[in-house]
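Me: I should like to learn how enclosed empty space in a protein model is read. Could you take me through the general idea and then the case at hand?

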Amino acid sequence: MALSQSQTKKKQVHLFYYPECEDLARNVAAQSDNITLQTIKWRNFDDGFPNIYINDAQDLRGQHVAFLASFSSTGVIFEQLSVIYLLPRLFVASFTLVLPFFPTGSFERMEDEGDVATAFTLSRMLTNIPISRGGPTSLVIYDIHALQERFYFGDHVLPLFETGIPLLKQCLHELPDADNIVVAFPDDGAWKRFHKLLDHFPMVVCTKVREGDKRIVRLKEGNPAGCHVVIVDDLVQSGGTLIECQKVLAAHGAAKVSAYVTHGVFPKRSWERFTHKDEGSEKAFAYFWITDSCPLTVKAIADRAPFQVLSLAGSIADALQT
């Protein structure tokens, strides 16, 4: 008789991490006695190039090893890739790379000759991770921006695509007005991605139309009147689309508007557009939920309303046992 997952023996996983991810890594390790944090000395030579040392590397032979990465800027990718390429070669039983946010996901296509699809470039770099003794690398990514990007990876890695939506659903069910929630999508792309995961909620879909040089957000379908409307998308950069969507929903009678994105990228501190700066300020968003997939953002928005952070730690811990 086949054993259930709870009856099968769980892997003992040695989890390394980039310093940006230390808080998330500690939260992941706290989820299970089967996850042990390991350390790396992240140093640099005088010329700025990495001088890295993996502590106790000789003890990793035959062990299950994982690395929690954050590609928050081009300047930190090279040193992490250097580690990522080495760990599978230490005769480990298996290697898992957890990259919660795939940062080039919105640059996935060429529209004009000369455009560079950097999502494909990063996929090729990750595909070249050496095979470990246990086989191809398992690559864990949350809510990748373009679904077709799952086919960018070669056979040397096994992408495992996860989502932060279960965290949002749990949060919504705990709200005082849980029976008055409507989910809104800022465009058809977000609807295609997420509507099946949220199909027990009434839905509203917005759309972007071009008027001259401007792109205007309009209500395409659904009725937000009198409801707590939660805009759902995979990521936010400047936040302009979310703000315009909020205005449209409010104009159509939404009682209040909140937002959820898995990846709060917020370059150039664009999160400041959403903060409740003082009691007299206009609170356009009642709640703004993000996950901890972008660690630098989590530190920046700590204790700033309306932001609330939903942690991926439990989901990552489960993925490490897959």
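Reply: A cavity is a set of grid points where a 1.4 Å probe fits but cannot get out, and its volume is the space filled by probe spheres set on the points. In general, rolling a probe the size of a water molecule over the atoms shows where empty space is left. The structure shown is a predicted model.

Me: How many cavities of 30 Å³ or more does the count come to?

Reply: The count comes to 2 cavities of that volume or more. About 40 Å³ of space lies in the largest cavity, and about 30 Å³ in the second largest cavity.

Me: Which residues line the largest cavity?

Reply: Its lining consists of Lys11, Val13, His64, Val65, Ala66, Ser94, Thr96 and Leu320. Strand 5 (64–68) and strand 6 (94–98) are the elements that give two or more residues to this lining. Strand 5 supplies the largest share, 3 residues.

Me: How do the residues of that lining divide into nonpolar, polar and charged?

Reply: The lining of the largest cavity holds 4 nonpolar, 3 polar and 1 charged residues. For the second largest cavity, the division is 5 nonpolar, 3 polar and 2 charged.

Me: Which residues are the closest to the centre of the second largest cavity?

Reply: Of the 10 residues that line the second largest cavity, Phe101, Phe102, Asp143, Ile144 and His145 are the closest to its centre.

Me: Where does the second largest cavity lie with respect to the domains?

Reply: The second largest cavity lies between domain 1 (13–162 + 313–321) and domain 2 (165–291), because both domains give residues to its lining.

How values were computed
Residues numbered from 1 in each chain as written. Predicted model: local features only at pLDDT ≥ 70, side-chain atom pairs only at ≥ 80, totals over all residues. Heavy atoms only, no water. 1 Å grid on protein atoms, 1.4 Å probe; cavity = no way out; pocket = protein on both sides within 12 Å on 5 of 7 lines; lining within 4 Å. Helix = DSSP H or I, 4+ residues; strand = E, 2+ residues; numbered from the N terminus. Nonpolar A, V, L, I, M, F, W, Y, C, P; charged D, E, K, R; others polar. Domains from an automatic or database assignment.
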